[in-house]
Amino acid sequence: MDEPTKIVVMGDDPESIAQNYEDKELIVIYPKGKRPRADMLLRKNIVRIFSDYGKYPDIEDLELIKNTVFYLLNSSYINNRDRILLLFSKEGEEHRLFFDMSKMNLPNLVNMVSDRIKGEIVENILKLAMSIVKKGREGTPAGALFIVGDTNNVKNYVIQKIANPISGIDREMRSVLNEENFDTLREFAIMDGATLIDNRGVVVSTGVYVKNLSIEEWLMDGFGGRHLAARSITKLTKAISFAVSAEGTISVYRDGEKIYELKDF
Ligand SMILES: Nc1ncnc2c1ncn2[C@@H]1O[C@H](COP(=O)(O)OP(=O)(O)OP(=O)(O)O)[C@@H](O)[C@H]1O
């Protein structure tokens with residue numbers, strides 16, 4: 001086995017594994033409700049990620065591990081040249097998996113849309129979408145629709161349902177590139193309708209509806225309004241759309257096709 005370039009630690013007790021790797025850089029994923037010990041907070045070679053899902057990795061739960069790797073890849077914690085040693089603790093035992101990312105051919109959303117949207121914008125919209133899944137609306141599930149790029153053209157196909165609620169907010173506070181804005185942006189995004197984001201990552205409108213959805217597609221696909229709108233707008237324009245369903249799935253559309261899906265992280 002080649003030397004790993006990154007070590008990812010997860011499971012019911014990630015810290016007991018992490019302490020065996022004092023001199024290594026680690027990405028430690030904490031399960032719901034587990035807070036880092038003080039000595040872990042002091043360690044500089046640790047990236048801490050908190051999973052709110054409350055699921056513990058099971059040796060058989062490859063779906064969860066796959067989604068964790070997807071998430072790390074699409075949030076740039078790892079890249080497709082890394083060799084990953086994934087360690088997880090389960091009921092006092094340490095299980096090991098080794099992934100050579102260059103051999104895995106995993107869908108990397110950033111690459112799939114790099115001709116249209118900057119990678120850092122994609123990463124942050126994905127993070128914002130995931131925070132909507134995790135936090136919902138006061139504890140109940142919430143959804144959203146982000147329509148990103150080709151904004152002038154997109155405006156021809158949408159209507160502003162209510163006076164644009166975000167227009168009074170400073171431009172800097174409307175940027176998805178600054179994670180400090182996420183609380184505000186999340187509140188606007190979970191309101192009725194879609195959120196338009198320009199190709200600099202600035203939210204330009206919220207509460208817009210995609211017009212003239214095809215009734216035939218609606219009937220044929222059994223799609224809900226949000227997913228049909230997400231798909232339709234990417235057929236009509238060069239925008240990329242991110243639909244966050246109330247069930248917790250994030251779907252990304254380009255040119256009328258779903259190109260990526262993230263769930264159960
Ligand atoms: N044409 C549209 N343009 C923008 N947003 C829409 C449109 N239609 C529906 N939505 C938004 O999607 C929300 C959910 O609508 P609906 O339940 O029909 O969609 P869905 O695809 O089944 O939803 P979910 O994504 O939660 O599964 C609506 O409350 C509204 O905020």
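Here are a few notes to help you find your way around this structure.

1. Before anything else, this is a predicted model, so local features need pLDDT of at least 70, side-chain atom pairs count only at pLDDT 80 or more, and totals for chains, interfaces and linings use all residues. Residues are numbered from 1 along each chain as its sequence is written.

2. Start with the overall layout: there is a domain 1 (6-103) and a domain 2 (109-262), with bounds that come from an automatic or database domain assignment. Their centres, taken over C-alpha atoms, sit 29 Å apart. Each side puts residues into the contact, 7 from domain 1 and 7 from domain 2; "in contact" here means C-beta atoms, placed from the backbone, within 7 Å. On the domain 1 side, the residues touching domain 2 are 2 nonpolar, 4 polar and 1 charged. In this scheme Ala, Val, Leu, Ile, Met, Phe, Trp, Tyr, Cys and Pro are nonpolar, Asp, Glu, Lys and Arg are charged, and the others, Gly among them, are polar.

3. Now the ligand. It is surrounded by 17 residues, and the closest are Gly-224, Gly-225, Arg-226, Ser-245 and Ala-246; a residue is near if its C-beta atom, placed from the backbone, lies within 6 Å. Strand E9 (203-210) and helix H9 (225-236) are the elements giving two or more residues to this shell, and H9 gives the most, with 4. Helices (H or I, at least four residues) and strands (E, at least two) are DSSP runs, numbered from the N terminus. By class, the shell has 8 nonpolar, 6 polar and 3 charged residues.

4. H9 deserves a second look. Its 12 residues should span 16 Å at 1.5 Å a residue (times one less than the number of residues), and the end C-alpha atoms are indeed 16 Å apart. Among its buried residues are Arg-226, His-227 and Ile-233, where buried means 20 or more other C-beta atoms within 10 Å, exposed means 12 or fewer, and partly exposed is in between, with C-beta atoms placed from the backbone. Their cover includes E9 and strand E10 (240-244).

5. The largest nonpolar core (buried Ala, Val, Leu, Ile, Met, Phe, Trp, Tyr and Cys joined through C-beta atoms within 7 Å) has 44 residues, and Ile-147 is one of those touching the most other members. Helix H5 (residues 119-135) supplies the largest share, 8 residues. A second, separate core of 22 residues includes Leu-26 and Leu-72.

6. Finally, Gln-19 sits in the loop between helix H1 (14-18) and strand E2 (26-30). Gln-19 counts as exposed because it has 12 C-beta neighbours inside 10 Å.

Conventions. Contact = placed C-beta atoms within 7 Å.
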